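Work through these exercises with the sequence and the model side by side. Try each task before you read its solution.

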Amino acid sequence: MTTPVGTAELHELVLPVHANHRGTLFAGQALQLLAKAAFLAARSAAQSEVVMASVSGVDFLSPVPQGHQLCLRAWVSRIGRSSMTVCVSGQSDCPRVPAEEVLKGVFEMVAVDAKGLPIAIDRSYLDKETA
């Protein structure tokens, strides 16, 4: 399965190892998953390695119980010379329970070379409507 350039989709089952003392997704695990989705979308858009420069905001909208599936969708919303803004939305899903948005975050990512220095993003391959 392929996803459009600059996007990523991850699915994760919330297991007891991911849960806090209340039986819901631990916030640290949620942040890790949000960051992973942002990384994958940014690397796809930049066609190079990327690093996280900042987190503009993260909202935990509802608890995610054990046994629920978490679907994270990430997309690049802005591309600069070497930086990108990546939005991530997370939905909780379980049989016989309506899906709902439970997480969202905005991340700033930077394309880097092998030495970790910022590099320009080659925008020539991007669809002109999204560049």
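**Exercise 1: Strand pairing**

Strand 4 and strand 5 run antiparallel and are joined by 11 bridges. This model is predicted: local features need pLDDT of at least 70, side-chain atom pairs count only at pLDDT 80 or more, and totals for chains, interfaces and linings use all residues. Residues are numbered from 1 along each chain as its sequence is written, and side-chain values use heavy atoms, with hydrogens and water left out.

Task: find the order of the strands in the open sheet, and state which strands stand at its edges.

Solution.
- Begin with the terms. Helices (H or I, at least four residues) and strands (E, at least two) are DSSP runs, numbered from the N terminus. Two strands pair if DSSP finds at least two bridges between them.
- Take strand 4 and strand 5 again. They form a hairpin with 2 residues between them. Arg96 in the turn has a positive phi of about 65°. Ser89 has Lys104 of strand 5 as its bridge partner.
- Move to strand 2. It pairs with strand 5 in the antiparallel sense over 10 bridges. Within strand 5, Leu103 is the bridge partner of Phe60, and Val106 is that of Gly57.
- Put the sheet together. Its 5 strands have the order 1-3-4-5-2, with antiparallel pairing.
- Read off the edges. Strand 1 and strand 2 (49–60) each have a single partner strand, so one side of each is left without a neighbour in the sheet.
- Add the twist. Neighbouring strands are turned by 25° against each other on average, direction ignored.

**Exercise 2: The core**

Task: state which element gives the largest share of the largest nonpolar core.

Solution.
- Define the core. It is a set of buried Ala, Val, Leu, Ile, Met, Phe, Trp, Tyr and Cys residues joined through side-chain atoms within 4.5 Å. Buried means under 20% relative accessible area, exposed over 50%, partly exposed in between (1.4 Å probe, protein chains only).
- Count its members. The largest nonpolar core has 30 residues. Those with the most contacts inside it are Leu72, Met84, Val86, Val88, Leu103 and Met109.
- List the sources. Strand 1 (7–13), helix 1 (27–46), strand 3 (69–79), strand 4 (83–94) and strand 5 (97–112) give two or more residues each.
- Compare the shares. Helix 1 gives the largest, 10 residues.
- Look closer at Met84. Leaving aside neighbours within four places in sequence, its contacts (heavy atoms within 4.5 Å) include Ala42, Val76, Phe107 and Ile121.

**Exercise 3: Two single residues**

Task: is Cys87 buried or exposed, and what does the side chain of His11 make a polar contact with?

Solution.
- Check Cys87. Its relative accessible area is 18%, so Cys87 is buried.
- Check its sulfur. A disulfide is a pair of cysteine sulfur atoms within 2.5 Å. Cys87 is in no disulfide; the nearest cysteine sulfur, that of Cys71, is 16 Å away.
- Turn to His11. It lies in strand 1. At 44% relative accessibility, His11 counts as partly exposed.
- Find its polar partner. The side chain of His11 makes a polar contact (N and O atoms within 3.5 Å, one able to donate a hydrogen and the other to accept it; residues adjacent in sequence count only if both atoms are side-chain atoms) with the side chain of Glu9, at 2.9 Å.

Key: Axes are lines fitted to C-alpha atoms, for helices over the stretch in contact, and angles run from 0 to 180 degrees between N-to-C directions.
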